[in-house]
Structures are given as C-alpha cells and as structure tokens.
Amino acid sequence: MAKTSYLVIGGSGFLGSYIVQALVDRGEQCVAVYDLARPRGPDVIKGVTYFCGDILDEKKMVECLKETAASTVFHTVSPVHGLKESVYYKVNIEGTRAILSACQSIGVKCFIFTSSASVVWCDKDLSGLNEEEVAIPEKIYEAYNHTKGLAEKMALQANGVKSMKVAALRPCGMVGPRDRQAMWRLADAYNKGQHKYQMGNNKNLVDYSYVGNVADAHLLAADRLQETFSSPTGVDDVSGQAFFITDDKPRPYWDFPRMVFRELGDDGQGIVELPKWLCLILAFFSELWASIFGGLPGFPRFIVIIATQEQWFNIDKARRVLGYEPRIPLEEGVKLMVEVLVERERSQRTFGDGGIKEHSLDILLLHIYSPLNHSSRSPTPTSRSERKRGNVIRSLLVGSLPDDLAACIRTTTTANYSITLQPFRSRMRLDQHTSERYLVLGGAGFLGSHIVEALIGRGEPSVASFSQSPPADDDAIAGASYYTGDILDEEVLKDCLKRVTPTVVFHTVSPSVRNKGLKETAYYDVNVDGTKLVLNTCREMGVKVFVYTSSTSVVWSGQRLSGPNELEIKIPDKPFTIYAHSKGLAETMILRENGVHGMKTVALRPPGMIGRRDRLSMWRLTQAYEKGQHKYQMGDNTNLVDYSYVGNIADAHVLAADRLTAASISQTSVDGVSGQAFFLSDGKPRPYWDFPRLVWKLLGDDGKNVVVLPRWLCFIVAFFAEFLSNFSGKAPTFSRFAVAYSTTEQWYNIDKARRLLGYEPRVPLEEGIAIMVDWWKARGAKQYTEKMEAKKSR
C-alpha cells in the first residue's frame, strides 16, 4: 500500500506546527511544510521537509506539490484579526483560490481547510448551535470573518472537482505553547497591569480549545476523507462538510485570561468591571480618532462585542462523523503552555562569570536579554515566584510577534528568501533558497556591533561590517566580515558593497553628540554628505532595504516633551544642536528616498543608549566619580527622560529590516513601515539622574550628601562658560545645552514601534546598567586606567 504524502500549508505557524508534529508522532514518513518562513531551533521537527514560498505564488505552489507528491493537503494559513481589509481578501480569498487551483492541477486527493467558528458570527448571541442551525451570514460584519467564510464556501464548492475531497474545520479560539497571538496580548496586559480591568460582567459563555485537540481533529478529518477513496461504496458524510471544533466546555469569556494571569502570579483580586456601554463609547471614539488621523483603531467596537457576547457551539457532528474527542482540557492546556515556555527559557540560557551565555540553540535574542519586570509596580522580581513570572513574560515576548506583524509576514512572498522573524531560526540547509546579505555601516561601533551580534547570533550566514577602524580584538564577532574605510570615500565604499552585495544595509555611522572636540562641519560632513553618498551607492548597487539610525534628539528644540508620538511632534526648523540638525536632515533625506528604484527605507530614533562596549558614557561617569563630581546634581531630578539598553535598540533594527525585506520581496502594499520614523526606548521614562546614580552605586557610591544645584544657577554658570570659550577658541566645558538636556523632560511614545515592528524592550535599564558596569570592570576600566596613567606621565 502506497504511503500517504502530506503537505501542511502554514506548517511553521501555530496550528500548522501541531498538525505536522501529530503526523510525525504517529509515524507518517512523508510530511512537508509550505510556509513563508522556516521554524527555528526547537520548533524544527525532524524528518519534515520545509519549503518557503507565498500561497499567492501558484507556480511555486505547484512545484512544491509536485516535488512532495502530496496526496493530502492541510490549508491553515490566515492573517489574524485587526488588520486592513485588503489583507484578508488577498490572503483568505485570493490565496485560497490559488491553493485550490494548484491542488486540483496536480491531483491532490484530500484537502482540509482550516476555517473558523467566527465565520457564522452575526453580531448576536449564539448558544450551542450546530452546523445546520446557523449559516454563514451574507452581511459583512467584520473583514476577517467574512473572508474566512467566503474561503470556506470556495473550498467546499471545490469538493468533487477533479475527484478532490474537501472538508472544512471551524475551530474556536485556540491556546497552547507557541501561541503568538493570545499569549502576546495577555503577557503584555499583565506586564502593564491591565489584567485588573474587565469588559462586561463575564456572564457570556464562549468556546476555547487546546491547539493539540484541534490538530487531532484535522488528522481525523484527513483519515476519514482517505477512507472514502478506499471504500467508494460506503457512506461519505465527511467530504463537502464543515465541522465545529471546540473543547465542548463553554465557559465565561474572562475565565481563560484569568487562568493565564493566575499562572503568571495574579491573585485574582481587585478586578475592575467596565460596563459594556462604557466600553462601546470608548471604542466609538477610538474608531473616530482613527478615521480622522488614519491608521487602525487601537480599541475597536468589534473587540468589545466579542468580549461581551455569548458564542459557543455544538460539536456532536464532529464527534459522530470524525470520531473527535478533545483530549486535553483547557485548564491543563494553559498550565502546559506556561510550563513549556518557562522550560524553554531555562534551556536557552545559562548564567556564568561572563554574564548570560548562549546554548547551542540559535536564539533570536542575544545573551544581553533578560527577564522583564512582571509589573510596573515591582521593578525587581525577588522571590522565586516573582522570578518565574518575570521569566514567563520574557519568554512570551521573546517568542512572540504582534498580530499585524505576524500577518504581514504570512502574506508576503518569500521566493528565494527565508523570513527571520519567527522566534527561532533553523540551522537546516537552505536548499536552493538564498538568504539575505547584511552590511552594517558602523558595525565596529557601539550600536553597530550589537546589530552585527544579533544577526550572527540568529544564524545569518552573510553579515559584514564597514567602519572607519576595525573592532578591538575582544569586540570582533566570529562569523562577521570586517571592512574598513570612510563613508565619505566613494571608491572604498563602492568596493565594499561590490564585495558584500548586500540586500539589507544598516546605517549607524554618526559622530557622537557628546564629543566636544568635533567641529560643527564634522556633523554635516558625516551625517548629511556621508549619508547622501551612502544612499546613492546603495541605490546604484540594488540594495533592497535601508535602515537608518536616527535619534530622538532630531525633534527636540529645548522644549518639554512628555510622551508625544511620531505624529504629534515633527522635526523643527531650528533644532537645539548641530548634531540634531544634521541628523534630522539625514533622516528626512532617507525617508524621501523610500521607494526610489525599489529601495525601502526606514528611520529609527533611539534615545540615550547604554550597554556593553559603551566606552564614552562609562569613561565620563568613571571620571566624574573619581573626581568627586558625582556628588553634584543639576536640577531637582523631577524631569523624566528615556534611556534604553543597546541590545533593545539592535533588536528594533533587525525587526525593521525583516519587516521591510518581507514587504520588498512580496512587492505588497501591506506595509506600515517603509518611509516611516519610529521612536524607540525602554518604554519606562525615569528621572534624568537615576541612570548615572545607578552606575555610581555599582562603582561604590553610597548615594548620600548629593548637592542639588538650582537650574537657574547652572544656566548662569553655563552662559559664562560659553562666553569665555569665545576667547579661548575651545569648546566650553559646561554649556547651556548640557543644562537644558539634564533638566528638561524628554520622553516619547513607542506604541508605533510596538504595533508595526513588534518591538518590545527585553532588558530593563537596571539590568542593562549592571551588564554595562560588569563589562567595564572586566575590560573597559583597564583601557581607561592605561590612558589616565599615560596622560599623567605626560
């Protein structure tokens, strides 16, 4: 008897990966996956063949089907809720049509379509109805549900065409390990303290199911369809049918989130119940705001309705016809999900003298990442349970993608490309597909070296650095290629690009704002002229993606800024410093180049960064500490500012590059990143002097007897320092800019980066400072001491 060959379309995703695992576990030997991205590390399933491609590419789909000789196909691909309508029509309808056509053309026998219980949603309570009692509505209530319903109808209408048997399964909300939708939202809500708020009275019953149960149902449906071919005279009550799939235990809507919050450490007390009518009013204004200023509403009415309406279904048909029986109850599924995530976190990292070290797994996030605080109220987890909760949240954030980012990845073409935004990267061969080639301009510098490290750390085979000088021996990263030269030297720059032939370029080069020895012309030479030359060269060499490191300072002109987003604050005509002005001109230039000759550009605006290899900040702070200057403070320290650990910023750069690469390859309009600027920070503004105080504390300071210098006095002293510098011809040792910067509030909203890039700062500032100081004591301090001694000898 010939072996059945299976192809799981979307097999790198949540449900798809469980279907693949279930097939392998029962001994199937011919299992393949077709998806936009290969899974990573522990998510790669042995014995499975992985193909990369877009479901809209019918030709590539046919090639995959022929190569695998698939006789049974599972179609699990779909965007998640909350995206533009065009995404759903493109993927759910056009994509499903392309898949069906490809399957029919090569003679696939069995086709199982993953639909959704939401296809029958019609804005009213649905209590225990079966497949015959409720139909897919004609009216469009919501784009995801509508397009999934149309796709289901299309799939079932294909039943019998060219002898292909089709069944559609309608699962409810699924939970389990590797869930990158529900768990992302719940962990984020818990981390922000939002888990104490509840929409509605929680009396509405809904369905949930453990993802493994739903995968079981898919295999049962495939088996029953195959049986109709072996027994053609028997009763066929499977093909052409749809089946509701749940755990058959409807429960109040908020019970599932409460289970997760409890596993994360919540005591379940102090819940604030928000009336449905109030939530609908708030949602209305959210949608109104989005309609006026563009974008998607952050809080649509659909979310309120789903959270407060009853919706559960009868699964007797699946039991009777498929033999389906949910094996794992929801409570056990939630515990398993959290336990697996904690265990994965534990297996990925060990702690030694050198800090956090990587295991053999190729982790997306480097060893600089550590647990996030489990809530804003408790900055440092201390107890065992608190550390566990912090680790769980870190695992969720490390191993997750926000919905709109995941959906964009699943709707873009990846011919000859391997998307790298899944939580782990496979070390398997790339077959005939080629990977992206990365060039980091300034890759031997502070931020640039961390970007290089992040790319190498996740297994990118082609990463190069172009800097004015090579890295120090201790800072060179194995696996990266290093080129030296000046970005103002066109010939040398072109030669480097010809050698590397990069598809993605990160431009991190810039003179430091804190380098007092630089002339004003140096900023314009490097930031403006150098960036212009880099852009022209990249365009000429066919670079697809260009990520520019801008700065939050480009929008600051000395005023108080408390949490504005990118739409609420623009680059001023007269910035506060030459550095900011030149960086702003460069950013504007780069974003205007977006789309020219097919190159996509994006600008990232980080705040002050700290971390390993930060010689400038640590040098100055160490010097101030040794001179006793750390006992003086400008201003009352009530002004909040942004900081971020450099690894977080490197993470954002890689996320932006991956998002643009996906959009560039697919040539899709589903792209909210290209041509955009994004504020970045650690998302927790704090008083300006908290950062240096934390450093000095680790250097031995007791934090006592700090002398607070009034702001007005500092400005007077700075005025005279600048006045005297006019006569000396040297840069002032104390400037009004330094006073304003140290005493003015300046922090920004990073929701745009969170929403569109999937950015989430992994390392809190306190831990980043500890890592930085440990590195300084081990390496940087030695260089500092040698230079100080040499200076004294002179």
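Good morning. I begin with one contact: the side chains of Lys317 and Glu132 meet in a salt bridge, at 3.7 Å from N to O. By salt bridge I mean a side-chain nitrogen of Lys or Arg within 4 Å of a carboxyl oxygen of Asp or Glu. Lys317 belongs to helix H10 (residues 316–322), whereas Glu132 sits in the loop between strand E6 (126–129) and helix H4 (143–157), so the pair ties together parts that are 185 residues apart in sequence. Helices (H or I, at least four residues) and strands (E, at least two) are DSSP runs, numbered from the N terminus.

Before continuing, a word on the source. This is a predicted model, in which local features need pLDDT of at least 70 and side-chain atom pairs count only at pLDDT 80 or more, while totals for chains, interfaces and linings use all residues. Residues are numbered from 1 along each chain as its sequence is written, and side-chain values use heavy atoms, with hydrogens and water left out.

Are the two partners of the opening pair buried or exposed? Lys317 counts as buried, at 8% relative accessibility; Glu132 is exposed, with a relative accessible area of 59%. Here buried means under 20% relative accessible area, exposed over 50%, and partly exposed in between, with a 1.4 Å probe and protein chains only.

Let me now turn to the whole protein. It holds 24 helices and 32 strands, and 58% of its 794 residues count as buried. Taking contacts, that is, heavy atoms within 4.5 Å, residues 24 or more positions apart account for 79% of those with a separation of 6 or more.

How confident is the predictor? The mean pLDDT of the protein is 80, and 79% of its residues reach 70 or more; pLDDT is the predictor's confidence in each residue, from 0 to 100. Among the elements, E5 has the highest mean pLDDT, 97, and strand E17 (residues 355–358) the lowest, 29. Over residues 345–434 the value is below 50, although this stretch has 266 contacts in the model beyond near neighbours in sequence. Where pLDDT is low, the predicted coordinates should not be read in detail.

Next, the sheet. An open sheet of 7 strands has the order E3-E2-E1-E4-E5-E7-E12, with parallel pairing; two strands pair if DSSP finds at least two bridges between them. Strand E3 (49–52) and strand E12 (241–245) stand at the edges with a single partner strand each, so one side of each is left without a neighbour in the sheet. From one strand to the next, the twist averages 20°. Within the sheet, strand E1 (residues 6–9) and strand E2 (residues 31–35) pair in the parallel sense over 4 bridges, with Val8 opposite Val33 in E2. Helix H3 (residues 85–106) lies across E1, strand E4 (72–75) and strand E5 (110–114), running at about 170° to E5. For such angles, axes are lines fitted to C-alpha atoms, for helices over the stretch in contact, and angles run from 0 to 180 degrees between N-to-C directions.

I return to charged pairs. A search of the whole structure finds 31 salt bridges. One of them joins the side chains of Arg613 and Glu453, at 3.3 Å from N to O. Arg613 lies in the loop between strand E25 (608–610) and helix H18 (615–626), and Glu453 in helix H14 (residues 446–457), so this pair ties together parts that are 160 residues apart in sequence. Arg613 is buried, at 8%, and Glu453 counts as buried too, at 11%. Elsewhere, Arg26, Glu28 and Asp223 are linked in a network of salt bridges.

The structure also holds 19 aromatic pairs. Rings of Phe, Tyr and Trp (its six-membered ring) pair if their centres lie within 6.5 Å; planes under 30 degrees apart count as stacked, over 60 as edge-to-face and the rest as tilted. The rings of Tyr18 and Tyr210 have centres 6.4 Å apart and planes at 80°, so the pair is edge-to-face. Tyr18 is in helix H1 (residues 14–25) and Tyr210 in strand E11 (residues 208–210), 192 residues apart. Both Tyr18 and Tyr210 are buried. In addition, Trp556, Tyr688, Trp689, Phe737 and Tyr741 form one aromatic cluster.

Finally, two backbone details. Most residues other than glycine have a negative phi. Asp123, in the loop between E5 and E6, has a positive phi near 60°. Asp248, in the loop between E12 and strand E13 (251–252), has a positive phi of about 65°. Thank you.
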